[in-house]
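I sat down with this one today and kept notes as I went. Pull up the viewer and follow along with me.

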Amino acid sequence: MASAPSSARADVQAVVWLGSAAMLVASALPWVLLRPNRLAPGEYLRLPTPWLVAALLVALLPALMARRARSMVWLAAGAALVLGVWLLGDRTHAALIAQAPFARASAASGLWLYLLGAAIAVYGARQAAGTRRAQLLTWTWLLPVALLVLFGQLSSWSVLVEGRNEGPRWVQELGQHLRLVGSALGLALLIGAPLAVWAAGRERVAGAVLGLANAVQTIPSLALLGLLIAPLSALSHALPVLRQWGISGIGVAPALTAMTLYALLPVLRNGVVALRGVPPGAVDAARGMGMTGSQRFWRVQLPLALPVWLAGVRQAAVLLVGVAAVAALIGAGGLGTYIFKGLQSAAADLILLGAVPAAVLAIIVDALLRGLEQLLGRRLGSVA
């Protein structure tokens, strides 16, 4: 039976080989789709022979490094990822030479699969890293990729071409997406935090509020938005002052209501679990020191519960970034506007113009809140 370390090494090698295999397969597929305009059918273009050879060699490097020099896998995997991004810009630019201004060059299946394989190899390199410093090295590809974007290497990619055409409207929709997520998360915290504190020490109350929040999450987001249109519309007609405040059956009001309801469950659930997980000995010690109930909560229970509670806030925030895209269906705006516009016109570039920033936004929010969660866990301790 293999020992634990050798088993772990085999697992890492398997992950890196999986990434290399994906890149090898991708090299044989079309990398660019050239269309005369956004909607017309196009022509698939493959890599020229010199670049095909280079892509094959770079695809093999992470797997070879995993066998002979595990400490350098991060370099080979990062180089493959940077090469994929660079080729995205280079090949789309080459495809648009001598084409009409409204021609579009999109990434095809080969390029997407190559980038996916490189990302898997980077993940394998991170698993192979034994130290914190080695783990940080697996992120070094970010700098060259950021430089490629900043210096316009990807300017011919159809998604960025659409982004340039949209210009200030895209920035406006991104801002609206952020406002929707921030407002709904803030409302969920305002409602959910006191409820969690109230329910933490009361079994029946906890069962009722968690059951209700859980029931809300079982309703599909589109259905929940639709169910809110009629009551909010009737309310705004009954109370005209609400219409003056912008509350009606469609738009931001039902979107914010639905998003807040969706975010309540992780905030409530983690709050109740975290507060119940505070060691009774710590509370008794605080009581023995003469602390009042308020002092025990703010100085003992909340600091110990905060890291676990924050994990629920993180889950809610990431959930809201995705749900906010659906809000565009009822006129609330946000990045979902481009996703549904692309679906209606069968334009994949417009879908990516909304979906890619939303995915990146979710990753950034998750990373920031996870970092804060770990920092608080180290500083304050944790109940779990």
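**Entry 1: an arginine to start from**

I began at Arg 314, which lies in helix H14. A reminder to myself before going further: this is a predicted model. I asked whether Arg 314 is buried or exposed. Its relative accessible area is 10%, and under 20% counts as buried, so Arg 314 is buried.

Next I looked up what Arg 314 touches once residues up to four places away in sequence are set aside. The list reads Asp 366, Leu 369, Arg 370 and Glu 373. Three names from that list turn up again in a network of salt bridges, which links Arg 314, Asp 366, Arg 370 and Glu 373.

**Entry 2: other salt bridges**

How many salt bridges does the structure hold? I noted ten. As background for the notebook, side chains of opposite charge can pair when their charged atoms come close.

I picked out the pair of Asp 349 and Arg 35, whose side chains meet at 2.6 Å, N to O. This bridge links distant parts of the chain: Asp 349 belongs to helix H16 (residues 348-380), Arg 35 belongs to strand S1 (residues 32-35), and their positions lie 314 residues apart in the numbering. I checked the cover on each partner. Asp 349 has a relative accessible area of 2% and is buried. Arg 35 is buried too, at 8%.

Then I went to Arg 104 and Glu 162, where the closest N and O atoms of the salt bridge are 2.9 Å apart. Arg 104 sits in strand S3 (residues 104-107) and Glu 162 in helix H7, so this pair ties together parts that are 58 residues apart in sequence. Arg 104 counts as buried at 8% relative accessibility, and Glu 162 counts as buried at 0%.

For a contrast I looked up Arg 287 and Asp 284, which form a salt bridge with 2.8 Å between the closest N and O atoms. Which helix holds them? Both lie in helix H13 (residues 280-288), three residues apart, or about one turn of the helix. An α-helix has 3.6 residues a turn, so residues three or four places apart point the same way. Here the partners are not buried: Arg 287 is partly exposed at 43%, and Asp 284 is partly exposed at 44%.

**Entry 3: a buried aspartate**

I moved on to Asp 90, in helix H3 (residues 73-95). Its relative accessibility is 19%, and the cut-off for buried is under 20%, so Asp 90 counts as buried. Leaving out residues up to four places away in sequence, Asp 90 touches Trp 51 and Gln 153.

**Entry 4: helix H10, end to end**

Helix H10 covers residues 221-238, which makes 18 residues. From its first C-alpha to its last, H10 reaches 26 Å, close to the 26 Å expected at 1.5 Å a residue. I still found a bend of about 25° at Ile 229, with a proline, Pro 231, following within four residues.

Which residues of H10 are buried? I wrote down Leu 224, Leu 225, Leu 228, Leu 232 and Ser 236. Their cover includes helix H9 (203-217), helix H11 (240-244), helix H12 (252-276) and helix H14 (293-326). That brings me back to H14, where Arg 314 lies.

**Entry 5: a nonpolar patch**

On the surface I looked up a nonpolar patch formed by Leu 143, Leu 147, Leu 150 and Phe 151. Together these residues have about 500 Å² of accessible area. Where is Phe 151 found? It is in the loop between helix H6 (142-150) and helix H7 (158-166). Phe 151 is exposed, with a relative accessible area of 71%. Helix H7, on the far side of that loop in the numbering, also holds Glu 162 from my second entry.

**Entry 6: stepping back**

I finished with the whole protein, which has 16 helices and three strands. The C-alpha trace spans about 75 × 65 × 35 Å along its principal axes. Of the 384 residues, 44% count as buried. Taking contacts between residues at least 6 apart in sequence, 76% join residues at least 24 apart. The accessible surface comes to about 19500 Å², and 69% of it belongs to carbon and sulfur atoms.

Technical notes: Residues are numbered from 1 along each chain as its sequence is written. This is a predicted model: local features need pLDDT of at least 70, side-chain atom pairs count only at pLDDT 80 or more; totals for chains, interfaces and linings use all residues. Side-chain values use heavy atoms; hydrogens and water are left out. Patches are made of residues with over 30% relative accessible area and no salt bridge: like charges are joined within 9 Å, nonpolar side chains (Val, Leu, Ile, Met, Phe, Trp, Tyr) within 5 Å. Accessible areas come from the Shrake-Rupley method with a 1.4 Å probe; for residues, only the protein chains shown count as cover. A salt bridge is a side-chain nitrogen of Lys or Arg within 4 Å of a carboxyl oxygen of Asp or Glu. Helices (H or I, at least four residues) and strands (E, at least two) are DSSP runs, numbered from the N terminus. Buried means under 20% relative accessible area, exposed over 50%, partly exposed in between (1.4 Å probe, protein chains only). Contact means heavy atoms within 4.5 Å. The expected span of a helix is 1.5 Å times one less than its number of residues. The bend at a residue is the angle between axes fitted to the seven residues ending there and the seven starting there.
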